[in-house]
Amino acid sequence: MVRELHVYKIKENRFKRSFLSGFNIAENDSLVTDEEGFRHVFICNAIDGGAADAEWGRLKFNLKLGEEMVLTVYAVALDERYIEERLFDEKTDIAEKKRIMENVDAEKKVNSSDMLLFNLRGRYLYLVFDIIGRGKAQIDGIKVSTSDDMIMDTMPELYSDNDFFRRYLAVFSSMSIDFQEKIMHIDDLFDVDKAPRAFLPHLAGWMGIDVSGDFLEEDRLRLLVKEAYYLNKMKGTKAAFERLTEIVLGEKAIVLEKNVFREYSQISDKNTYDALYGELPYDVTMLIKTYVPENQKSQLVFLLNQFKPVRCRLMIRFLDGSGEVDRHSYLDMNACVQEYTSASLDSRQSSDDMILLDE
């Protein structure tokens with residue numbers, strides 16, 4: 001007979017009814033460690049299977065663990081609740097709580113976010129998450145299922161007492177359930193907020209934007225994909241350049257169009273004017289005050305070129321705070337009074353004859 005699969009999700013409400021030490025409840029039903037502490041323990045409030053000798057299948061959760069941290073998970077199922085008084089007592093030492101779980105022969109797993117529980121029988125399931133070490137760790141998406149033996153349930157009863165065979169088939173049952181869950185949530189791939197990061201460039205590509213090169217942070221990339229439709233509607237305009245740089249850099253660039261400066265066409269120093277803002281009427285100059293690493297500048301230009309108008313020549317100037325006369329120097333942006341400073345390596349220091357080398 002095929003047993004019905006029940007899934008229990010451990011969320012904020014159960015966190016509040018459980019024992020927490022060194023953990024903080026964060027948004028999205030997650031637990032985050034206190035980075036100053038060394039020991040972090042979460043003892044989950046008993047999960048009721050509804051009947052004596054209830055069968056349990058699998059524990060699964062998402063885990064982000066610091067390099068110097070170790071997670072140990074204990075799981076035990078009992079028909080009586082006699083361990084609760086000491087297990088959830090605030091005065092009981094953490095080491096004593098750990099001994100309680102070991103004395104009842106709890107299942108144990110180290111640094112794993114997936115744990116088979118089919119050896120456990122009992123109405124009440126107790127889970128203990130014990131993280132040792134300083135650093136940041138996060139646990140979320142905790143799910144407990146009552147049975148992962150879908151394949152075993154289809155086999156003749158003759159095989160039910162074969163523990164090795166059952167454990168072997170449980171691996172494939174777990175894989176099948178995971179795959180089925182992905183199928184049921186396939187629509188998440190088309191939700192920009194839920195889609196995996198690796199799929200976001202495909203979504204952008206469908207909207208006609210090439211973001212290859214992995215030069216955008218995830219939050220910036222998601223925002224870009226969200227606004228791709230509206231950016232395409234503004235393609236070829238000044239507003240598109242301004243919004244695009246605001247999304248990518250967090251700050252609007254200043255866009256100067258040569259064709260709107262016609263009143264300066266008769267100025268005496270036309271060569272300087274053309275060197276600054278271009279010689280052709282379709283030239284566009286973008287002034288970017290935000291620091292952009294060298295390895296990302298070409299990728300940023302590649303992205304901006306996808307939105308420029310036909311026949312437009314785009315010139316990007318990165319203002320570094322060391323402007324010179326007849327260059328892109330603006331009193332309210334990057335002009336400054338230079339003083340002699342001591343040079344240092346790896347600090348984006350420019351050689352502008354204002355550097356002293358100290359002994």
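**Empty space in a predicted model**

Modeller: Searching the whole structure turns up 1 cavity of 30 Å³ or more. Bear in mind that this is a predicted model.

Colleague: Why is the largest cavity called a cavity?

Modeller: The name applies because a 1.4 Å probe fits at its points but cannot get out. Its volume is about 60 Å³.

Colleague: What makes a residue part of the lining of the largest cavity, and which residues are they?

Modeller: A lining residue has an atom within 4 Å of a point. R39, V41, I43, Y74, I94, K97, K98, M101, V128 and D130 line the largest cavity. Two or more of the lining residues come from each of β5 (39-48), α3 (94-103) and β10 (124-132). The largest share, 4 residues, belongs to α3.

Colleague: How do you know how the lining of the largest cavity divides by class?

Modeller: Asp, Glu, Lys and Arg count as charged, so R39, K97, K98 and D130 go into that class. The division is 6 nonpolar, no polar and 4 charged.

Colleague: And the largest pocket: why is that called a pocket?

Modeller: It is called a pocket because its points form an open set with protein on both sides within 12 Å along at least five of seven lines. The volume of the largest pocket is about 1500 Å³.

Colleague: What lines the largest pocket, and which residues lie nearest its centre?

Modeller: There are 35 lining residues, with N62, G141, K143, E181 and H185 nearest the centre. β11 gives the largest share, 7 residues. By class, the lining of the largest pocket holds 14 charged, 13 nonpolar and 8 polar residues.

Terms used: Residues numbered from 1 in each chain as written. Predicted model: local features only at pLDDT ≥ 70, side-chain atom pairs only at ≥ 80, totals over all residues. Heavy atoms only, no water. Points joined across faces, edges and corners; volume = space filled by probe spheres on them.
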